[in-house]
Amino acid sequence: MGISGQRATLIFSDLDGCLIDHDGYGYAASAQTLAELRTRVPIILNSSKTFAEVEQWQQELALDTPFIFENGSAIAFPLHWSPSLPASAYPYRNRLVISLAGPRELLLHRLSALANDYRFQGFYNMSVEEVVSHTGLDTESARRAKERLFTEPLLWQDGEEQLLDFSQALDADGLCVQRGGRFVHVMDRVDKAMAMRTLQIMLEQRDNTCYQTLALGDSGNDRRMLESADIACVVRKPSGEHLKLKRSQGVHYSTEIGSCGWNQLVRELMAQGLINGERNHG
C-alpha cells in the first residue's frame with residue numbers, strides 16, 4: 001500500500017451517511033464536486049444497498065461506472081464492458097454481474113434456524129411499510145431495498161453479548177455479521193475491500209495502468225475498505241464520532257457529516273493534488 005499523487009485515482013465511495021446524507025438522503029453539498037470529477041476520475045459506488053437501489057443512484061448521479069452492491073457481494077458492469085469481463089459474468093437486468101458471494105436463500109435458511117434463539121427482524125419478514133418506517137425511504141425506494149440477492153439486513157433487538165454469540169454461530173456456517181449505519185448485515189465472507197481490490201485489478205488489466213485507490217466511508221462495514229485503500233477518508237457520523245481505524249498514515253477525517261463531510265474531504269484532496277485523473281500507462 002502506498003500513496004502516489006502520480007498514479008491515476010479510483011474513488012470508491014459508500015452512500016448512506018457519506019456521499020448522501022444519513023437523514024433525508026440528500027447530496028446537494030457534494031453535487032458540484034461530483035460534476036467536476038465524474039468525467040475524469042472513475043467514481044465507484046460501494047454500498048450495502050441492493051442492485052436496484054445502487055442502479056437508481058447511478059442514474060441520479062449520472063455515473064456510467066461499475067458499481068459494488070450488498071457489501072461487496074457482487075460487482076455490476078455497464079454492458080459495454082462485455083469483451084473485457086470473465087466468463088463467469090452473467091446478465092442481470094441491463095448490466096453484467098460478477099458474484100463474489102453465495103445466494104441469499106442459503107443465508108435465510110440459516111437465519112430461520114436461529115430465529116427462536118435471538119431477537120431480530122430481517123427485511124425478509126418486514127413489509128414495505130415497515131422498511132419505510134425503519135429507514136425513512138419512500139415506498140418505491142423501500143421496494144428496491146427489499147430486492148436482495150445476497151445479504152440480509154437485520155434490525156437487531158437483542159443485546160451486544162447476544163450479537164457476539166449470534167456472530168459466532170454464523171461463523172461456523174461461513175457467514176459473518178457486519179454493522180452498518182442502521183442495521184447489522186448478515187452475509188457471506190466477502191466485504192467491500194475484497195470487491196474493491198477485485199475491481200481495481202480488472203481495471204488495471206483493462207486500462208494497462210496502475211491506479212491508486214481512494215475510499216470514503218463512515219461505518220463499520222466500510223472499515224476494511226478504508227484500511228485497504230491507498231487513501232482513506234472517514235466521514236464523521238451524525239453522533240459526532242468517527243470510525244476508528246488501525247492505520248494512522250494516509251487517513252483523512254472530516255469535521256462535517258454526510259455529503260458535507262464527503263465534499264470537504266474530496267475538496268481538500270483535490271487542492272493537495274492527491275486526486276489524479278491522468279493515467280500512467282505501464
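Here are three short exercises on the pocket, the cavity, a lysine and the cysteines of this structure, each with a worked solution.

The model is predicted, so local features need pLDDT of at least 70 and side-chain atom pairs count only at pLDDT 80 or more, while totals for chains, interfaces and linings use all residues. Residues are numbered from 1 along each chain as its sequence is written, and side-chain values use heavy atoms, with hydrogens and water left out.

**Exercise 1. Work out what lines the largest pocket and the largest cavity.**

Step 1: get the terms straight. On a 1 Å grid over the protein atoms alone, a cavity is a set of points where a 1.4 Å probe fits but cannot get out; a pocket is an open set with protein on both sides within 12 Å along at least five of seven lines; lining residues have an atom within 4 Å of a point. Points join across faces, edges and corners, and volume is the space filled by probe spheres set on them.

Step 2: take the pocket. The largest one holds about 480 Å³ of space. Its lining has 26 residues, with R179, G180, S219, G220 and N221 closest to the centre. Strand β9 (175-179) is among the elements supplying at least two lining residues, and β9 gives the most, at three. (Strands are DSSP E runs of at least two residues, helices H or I runs of at least four, numbered from the N terminus.)

Step 3: now the cavity. There's one of 30 Å³ or more, and the largest cavity has a volume of about 300 Å³. Among its 24 lining residues, D16, S48, K49, F183 and H185 lie nearest the centre.

Step 4: sort by class. (Ala, Val, Leu, Ile, Met, Phe, Trp, Tyr, Cys and Pro are nonpolar; Asp, Glu, Lys and Arg charged; the others, Gly among them, polar.) The pocket lining splits into eight nonpolar, eight polar and ten charged; the cavity lining has six nonpolar, ten polar and eight charged.

**Exercise 2. Decide whether K192 is buried or exposed.**

Step 1: find K192 in helix α7 (192-207).

Step 2: check its accessibility. At 1% relative accessible area, K192 is buried (under 20%; exposed is over 50%, partly exposed in between, 1.4 Å probe, protein chains only).

Step 3: look at its neighbours. K192 touches residues including D14, S47, N71 and M225 (heavy atoms within 4.5 Å).

**Exercise 3. Count the disulfides.**

Step 1: a search of the whole structure finds zero (the cut-off is two cysteine sulfurs within 2.5 Å).

Step 2: test C18. Its closest cysteine sulfur, in C233, is 8.6 Å away, too far for a bond.

Methods
Lists of a residue's contacts leave out its neighbours within four places in sequence.
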